[in-house]
Amino acid sequence: MRDSGKTIMAALAAGMLALAGCGGGGDSGGTGSGPGGMPVPKVDKLTALGAGEGAVNVVSWAGYVEDGSTDKSVDWVTPFEKETGCQVNNKVAATSDEMVTLMKTGDYDVVSASGDASLRLIYGGDVAPVNTDLVANYKDIFDGLKNKTWNSVDGVAYGVPHGRGANLLMYRTDTVKPAPTSWGAVFDPNSPYRGKITAYDSPIYIADAALYLMKTQPDLGIKNPYALDDKQFQASVDLLKEQNKMIGEYWSDYTKEVQAFKSGNSVIGTSWQVIANLTKADKTPVEAILPSEGATGWSDTWMISSKAKHPNCGYLWMNHIVSPKANAQVAEWFGEAPANKLSCGETTDKNHCTTFHAEDESYFDQVWYWTTPLARCVDGRTDVTCKDYSAWTQAWTTIKG
Amino acid sequence: MSYLHRHPRLRLAALLSAPLLWLVVAYLGALTVLLVSAFWTVNGFTGGVVREFSLANFRTLLTEEVYRAVTLRSLGVAAAVTAICVVLAVPMAFFMAKVASARSRHWLVIAILTPLWASYLVKAYAWRILLANGGPIDTLLGGPGNGPGYGLFATILVLAYLWLPYMILPIYAGLERLPDSLLEASADLGARAGRTLRAVVLPILIPSIFAGSIFTFSLSLGDYIAVQIVGGKTQLIGNLVYANIGAANNLPFAAAIATIPVVIMVIYLVAVRRSGALEEL
């Protein structure tokens, strides 16, 4: 037994060393040209497309890479593999953070990053600029999705847009009268629907409050709901704390929300178009609108790793996933607006693009896509410090009480 | 094999190396990493862990009102769940161990175990439907909106349902070891049922109850899924840990939060150790 103490210590020390050795923080100082003066790591883009390497390792959201194993009729991977000889190895990530972590390993070639992860990947040097000339289908992608703040830096494209959606205001048409037109319906402290209001359970929901304040309290000077200084942040948090008293429950997975609206536990709150469709399919009278203030939303981008071992197959994959046919299949399976203009002619439901407002740029002009809040304000202000995402998370805890 | 036979120390080492490795590396090692990383912080932008000693996480935990409130709420839920489980489990276990015939006892144990075979998620979602507006429970209580709905009460109810077998089984095991002859002797010596219960059954029962309570208490303290499903807007310690890992990628702060239930359970274990509960586990 005398030795076992030493053994334990040795094992612990070994464990600690192993832990200290992996990963790494890294500073982000300096004065670059990125948002708030962040420098962008220099990574070269691919100059010419070569032959496929026989495989491609993908990190994606559930439902984005289907090879028929979930549902026999849903398969846009097998045709790609047959055509290019690139075997697709897919890894589904549950959260944006998991995506970032996986991409840091360098084991993956491409990723379907959302706007709240893409900047971290770009500035972390984990993804390379995309040579859009090598992606034949890039030209057919909606202009409203190209070269945006979350998928490009200084006009350099870092990815191929995949699809988008807005966070809508959904309500039961049989109970909520008159029909709401403003987010005020979920923030009004005298709401008759007290206790039956729902909201998205994520720190990023703070942006929804900021968006509302941006329109209703212009003197706060909010220009971008993801760039909030102390005062603006506090105002948003206070608004959400008031709202918390009226919330019945917060939702994070969509089955839960469909069921809550069906039973009437929730009658009004944030939602996605796909949830509205599913709820309607359940014969529940609901409607989802884009309120007068606009809305937050999400837009995903396929990005290629700076350490890709299969860059050619990676490019072939990016080109395939936004091809009219494949993009239409993903959009219908997942429930989102496709990125490719030509996809709208390929959907089995001819109304798909209308339902999801795919071609309606004026609709998406009112949408603030999810973006990672950074200490260096993403709206470009340099005279103040903004609240970063970990501050948002801690505030979200406080809001929920 | 004969080589091993001649070297008993080597034999012992071979036998114990796997569990020891597990205990030291996977179990204690993970716990140590948890404690150590609680003193680290996260770089707000890159999400990378900054490996420098800092008390910032614990300062936040101690100064922010919300963490105290959530801790107290979690403790309350764990205590309530444990109390409900004890009230339901004691008569049930007594019936199983002392009243039911040997044959039906067998089936009762299986019946207690069956819920454990079904997925936790399915059970929690089933309760979500039971408790829904206009659902079965509402109807039983006389119409939509009369039931408890989603919230703290629903959380306690569902957790008590989920952990009940973990309370029944140790109490049943304890009572089964109590010889019937002791009860008969007590009766022969003129003790009434109440006296027998107090003087004979309870001393055996209490360590078993504490043993069961360790399960119900610690499982409730760590739970976050049932709360998410039926808790409405309630948040417990588990939700805070989940939010900080899943959404914010702030492992150090999540680790700091996770030390709260560890500390509570250590205090609890030290407190119940004297009752002999640990021998009943």
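The following conversation concerns a predicted model, its disulfides and a nonpolar patch.

Colleague: What should I know before reading the model?
Modeller: In this predicted model, local features need pLDDT (the predictor's confidence in each residue, from 0 to 100) of at least 70, and side-chain atom pairs count only at pLDDT 80 or more, while totals for chains, interfaces and linings use all residues. Residues are numbered from 1 along each chain as its sequence is written, chains are lettered from A, and side-chain values use heavy atoms, without hydrogens and water.

Colleague: What is the mean pLDDT of chain B?
Modeller: The mean is 88, and 95% of the residues of chain B reach 70 or more.

Colleague: How many disulfides are there over all chains?
Modeller: There are 3, a disulfide being a pair of cysteine sulfur atoms within 2.5 Å. One of them joins Cys86(A) to Cys313(A), with an S to S distance of 1.9 Å.

Colleague: Which parts does that pair tie together?
Modeller: Cys86(A) lies in the loop between helix H2 (78-84) and strand S2 (87-92) of chain A, and Cys313(A) in helix H10 (residues 311-321), so the pair connects parts 227 residues apart in sequence. Helices (H or I, at least four residues) and strands (E, at least two) are DSSP runs, numbered from the N terminus.

Colleague: Is Cys86(A) buried or exposed?
Modeller: Cys86(A) is buried, with a relative accessible area of 0%; buried means under 20%, exposed over 50%, and partly exposed in between (1.4 Å probe, protein chains only).

Colleague: Why is the disulfide of Cys377(A) and Cys386(A) right-handed?
Modeller: Because the torsion about its S-S bond is about 105 degrees.
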